[in-house]
Amino acid sequence: MIPSGILSELTSKLSNCIVVSQVSQSAFMEVGKYLGITRIEIGFEIDPTKFTKDGETKNTLIYRDGTAYSENPPYTRSYKTDEDGTVTISFYLSEDNSPEHKEEESDLQILADVIFIACGRWRLVEKLQKSYLTDALTGLPNTGGYLVNSEKLFRQGKLPEYTSFYFNLAHFGLVNEKFGNRETNEILARYAHKLSSYLVDGECLGHLGGDNFVALIFKDRVTTFLNLLAGIDTFGIIGSENIPVRISAVAGIFDIDKNIATSGSVIGDASVALNEARYVRKCHYVLADKEMNERALRTKQLIARFSDGIKNEEFLVYYQPKVRAEDGTLIGAEALSRWKLGNDILMPGDFIPIFEQNGMVRTLDFYVLEHTCMAIREWIGKGIDPVRVSVNFSRKHLGDDQLVERIISTVDKYKIDHRYIEIEVTETVNKAEASMLSDFINGLRKSGIAVSIDDFGTGYSSLTMLRSFPVDVVKLDREFITSLDERDKKVVENVIHMVDDLDMQTIAEGVETAEQLGYLTSIGCHLIQGFLFDRPIPGDRFEERLKRRKYELT
C-alpha cells in the first residue's frame, strides 16, 4: 500500500497545478521509486465533436526517471470520458519490477485513479478555455479566439503574410424568414464548416456572431477566397426535404503590410471597408485605404459628439421655401438641419447617413420637429401668419408604436394648429415597413397633420406607394428635373397627371433654372422648391420671407 505521506504529497501537487504535464518530476519521484515506475504516459483519444471536427489524439509524457524500463508491455488503465473518448494511463516499470502481486497492482490502480481525476480537472480547464475562445454555434474561433490567433501571428511577425477579411452574409434575413431561427442556425453552421474546409494550414476563419465572419487568408489565395465568398452551396431542411441554399457575402478587405501597428487592426480596418461596401458603394467587396480610415475616424468623432450636440443645441434648423409658380407666393417650407461644429457648419450629407445607420437620426428628427414648432409659435406670437413646414422623418421610426402620438404631443406642446405641420417620409420597399408606414400615414392624417412622400421616383415601389398610401403631397425627385430629356419628360408628365387624378399635390424639388420652371408650369406642376427661389436659410431670414410673402418671377 502506498504510504499515506507519499500519496498526500502527490495529490497536493496535482491539485495545485492547472495542467498535469506541468507537475515537476519531484511530484512523482517518491511514488515512482516506491513502485519501481520509470515512465508515465497519458493518452487521449477523443471522438469528433463540434469543437474538434476530426477528433483528437494526444500522448503526453508526465514522468520519467531516466533509467531503462522493461520492454514488457506497460501496465495500463483506461477510462471513458463524457466526450465519448478514452483516457489511457500507462506505467512503465523498471526491468526488475512488474506488478506480480495484487497489492502492487492495486497501488498502480490507485495511482491511475488519482492521475485520471487530475486529468479531468485539466481537461475541464482546457475545455473552458476553448469554449471561451470558440463560438458555440459554428465551432469557429469567436472574437476573442480570433484576436488571440492574430496576436500570436503579430508577435511572430507573420501577419504581413496575410490579407484580412471581414464579411457579412448577403440577404441572410431572407433565409431566416424562409427557414426559421433554428434551421437558419443549422444552415449557418453548415456554411461555416464548408467554408472552413477550403482553408489551408495557417489560415484562420472566425465567427463574430450573427451573420458576421472574419478570416486571415494568405495573400496568394485572396482571389480564391473571394470566389468562395461569391457563393457557397449548402442546404436547409423543411419537413423532410433538403432545399438548396446558396450563400454569398459582402466583404471588407485589409491588405496587411509590415507597418501594421496592432493585431486589432485585422478586424478594425477590414470592418471599415465592409461598411463602405455595404452602405456607401453597395458592392461585393471593398479594399481598405487611408482615406476610408480617415472617414471612419471622422464618423466615430461625430457619433461621440452627437449627444452633446443635441444637448448644447449645436444643430440649427434652416428652412427652404416652397413657392407657388403662378404668382411667386410663399406657400410652405421644408425644415433642414445643419450642424454648427466649432467654426464649421456641417451639411446634412456629412452626418445624416451616419446617424441613419445607427438610429441616432430618430433623436435628430424630433429635435428638428420641436425647434420647428418653437419657431412657428414665435412667428405667431409676433403676429406673422405661418406657412406649413415639412419635417423629414426617417423610416427608422417605423418600429415605434407610439410614433404618431409622440409627434402629435410635440406639436400640441407648443399649441400649434396641426395644419402647419407636414411630415415627409421616403419611399419604402420592405413589406413589413410598408404596413407600418400605412398605419403611420393614416394616424397622422386623422389628426390633421399632412404627409408627403419625399424623393418620389427613386425607389422600386413608386406606383405601389401612390396606390396604397393616401398622402397629401408627392415630392418629385430632383433627378427627374435636372436633365429633362424626352424620356424624363414623359415620366414627369404622367406622374403629375396621375397624382392630380388621385387628388394629391405634386411639388418639384431641385428647380434651379427658369427653363425648368417654365416646363413644369406648362405641364401642371405648380409647387416649386429649389435654388431658383431660395436656398435653405436660417430662421431669422426665413421670417423676413414670411413677412414679404412674395418672390419676383423672372
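# Salt bridges, cores and a C-terminal helix

Visitor: How many salt bridges does a search of the whole structure find?
Guide: The model is predicted. A search of the whole structure finds salt bridges numbering 30.

Visitor: Which residue does R77 meet in a salt bridge, and how many residues apart are the two?
Guide: R77 sits in strand β3, residues 75–80. Its partner sits in helix α3, residues 102–132, so the pair links distant parts of the chain. The N to O distance is 3.6 Å. The partner is D113, and the two are 36 residues apart.

Visitor: Are R77 and D113 buried, partly exposed or exposed?
Guide: Buried means under 20% relative accessible area, and exposed means over 50%. R77 has 28%. D113 has 31%. R77 is therefore partly exposed, and D113 is also partly exposed.

Visitor: What separates D308 and R305 along helix α8?
Guide: Their side chains meet in a salt bridge, at 3.9 Å from N to O. D308 is partly exposed at 36%, and R305 is partly exposed at 30%. Both lie in helix α8, residues 290–311, 3 residues apart. The separation is therefore about one helical turn.

Visitor: How far apart are the closest N and O atoms of R406 and D400?
Guide: R406 is partly exposed, with a relative accessible area of 39%. D400 is partly exposed too, at 25%. The two form a salt bridge. Their closest N and O atoms are 3.0 Å apart.

Visitor: Which residues are linked in a network of salt bridges?
Guide: Side chains of opposite charge can pair when their charged atoms come close. Here such pairs join up into a network. Its members are K322, E334, R388, E422, E424, K475 and E509.

Visitor: In the largest nonpolar core, which residues touch the most other members?
Guide: This core has 79 residues. Helix α10 gives the most to it, with 10 residues. The residues touching the most other members are I407, I423 and F440.

Visitor: With which residues is I407 in contact, leaving aside its neighbours within four places in sequence?
Guide: I423 and F440 are among the contacts of I407. F366, L369 and F393 are also included. The full set is F366, L369, F393, I423, F440, L444 and I449.

Visitor: How many residues does the other core hold?
Guide: That core lies apart from the largest one. Among its members are F179, L205, L226 and V245. It holds 29 residues.

Visitor: Is W339 buried or exposed?
Guide: W339 lies in strand β13. Its relative accessibility is 0%. The cut-off for buried is under 20%. W339 therefore counts as buried.

Visitor: Which side chain does W339 join through a polar contact of 2.9 Å?
Guide: W339 is in contact with residues including L302, R305, F306, F315 and F355. R305 is also the salt-bridge partner of D308. The side chain joined by the polar contact is that of E314.

Visitor: What distance separates the C-alpha atoms of W339 and V317?
Guide: The two residues are 22 residues apart along the chain. Their C-alpha atoms are separated by 8.8 Å.

Visitor: How many disulfides does the structure hold?
Guide: C204 is buried at 8% relative accessibility. C373 is buried as well, at 0%. The count of disulfides in the structure is 0.

Visitor: Where on helix α17 do the buried residues fall?
Guide: Helix α17 spans residues 539–548, and its buried residues are F542, E543, R545 and L546. Seen down the axis, they fall within an arc of 160 degrees. They therefore line one face of the helix.

Visitor: Which exposed residues does the face of α17 turned away from its buried side carry?
Guide: The buried side is covered by elements including β12, β13, α10 and β21. The face turned away from it carries D540 and K547.

Visitor: What phi does R549 take, just after α17?
Guide: Most residues other than glycine have a negative phi. R549 is not a glycine, yet its phi is positive. R549 is partly exposed, at 22%. Its phi is about 75 degrees.

Visitor: In which loop is the place of D503?
Guide: D503 also has a positive phi, about 60 degrees, although it is not a glycine. D503 is exposed, with a relative accessible area of 73%. Its place is in the loop between α15 (486–501) and β19 (505–509).

Note on methods
Residues numbered from 1 in each chain as written. Predicted model: local features only at pLDDT ≥ 70, side-chain atom pairs only at ≥ 80, totals over all residues. Heavy atoms only, no water. Buried < 20%, exposed > 50% of the residue type's maximum accessible area, 1.4 Å probe, protein only. Helix = DSSP H or I, 4+ residues; strand = E, 2+ residues; numbered from the N terminus. Arc of directions from axis to C-beta. Contact = heavy atoms within 4.5 Å. Core = buried A, V, L, I, M, F, W, Y, C linked by side-chain atoms within 4.5 Å. Disulfide = S-S within 2.5 Å. Polar contact = N/O pair within 3.5 Å; in protein donor to acceptor, adjacent residues only side chain to side chain. Salt bridge = Lys/Arg side-chain N within 4 Å of Asp/Glu carboxyl O.
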